[in-house]
Amino acid sequence: MADAKAAVSKAEVGEAEGGEPEAKAAFIKGLIGRLLGLNKYVLIGACAALVLVAGGGGYFVFGGHDDGAKAAPKSVFYDLPDMTVNLAASPERPQYLRVKITLEAENKDIIDAVKPMMPRVVDAFQVHLRELRVTDLEGSAGLYRLREELTRRVNLAIAPNRIRAVLFKEIVVQ
């Protein structure tokens, strides 16, 4: 390495620009020697990073991934009868809520467990919905809370079975 450094001197740089072939070769040899000598660890790290990136790219391109496409769980849906209830509102202007609800379940057996309990489910929904105010239904947070509460009430009525979700097909406040 000392030879490589010695090979590149200001005189040789000047001669390399001047045009002698041996001086140009010595200049290039010295320059390569400096690059390899001073940055050996940088070059090794860059090569290792290149190998990792190339390996990861090959894994991704040649089928090592699943595109995040996992099979969606199968669901069964069951429509409840439409419901219209009075909301807890001011006495001078009555307000009504009309809602169409669908239950999402994991399989048909759970829906079969819901059907005989439907009077209890509808009663639980009616009681809860009549207690709501218009402000309780405002925004996505209000609908999320309502969905969670109705899901909880259905699951209590059909325990030990459980539905996945209560889905709103239509919500109208008049």
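Contact here means heavy atoms within 4.5 Å. Helices (H or I, at least four residues) and strands (E, at least two) are DSSP runs, numbered from the N terminus.

This is a predicted model, in which local features need pLDDT of at least 70, side-chain atom pairs count only at pLDDT 80 or more, and totals for chains, interfaces and linings use all residues. Residues are numbered from 1 along each chain as its sequence is written, and side-chain values use heavy atoms, with hydrogens and water left out.

**Helix pair**

In α6 (residues 118-131), R120, V121, A124, F125, H128 and L129 meet L146, E149, L150, R153, V154 and A157 in α7. The residues of this contact comprise eight nonpolar, one polar and three charged. The axes of α6 and α7 (residues 139-157) come within 9 Å and cross at roughly 145°. Axes are lines fitted to C-alpha atoms, for helices over the stretch in contact; angles run from 0 to 180 degrees between N-to-C directions.

**Strand β3**

Seven of the 10 residues of β3 (residues 96-105) are buried, so this strand is largely enclosed by the rest of the structure. Buried means under 20% relative accessible area (1.4 Å probe, protein chains only). Strands pair if DSSP finds at least two bridges between them. The partners of β3 are tabulated here.

| Partner of β3 | Bridges | Direction | Opposite residues |
|---|---|---|---|
| β1 (residues 76-79) | four bridges | antiparallel | V76 and A105 |
| β2 (residues 83-86) | four bridges | antiparallel | N86 and Y96 |
| β4 (residues 165-173) | eight bridges | antiparallel | V172 and R98 |

Terms used
Buried means under 20% relative accessible area, exposed over 50%, partly exposed in between (1.4 Å probe, protein chains only). Ala, Val, Leu, Ile, Met, Phe, Trp, Tyr, Cys and Pro count as nonpolar, Asp, Glu, Lys and Arg as charged, and the others, Gly among them, as polar.
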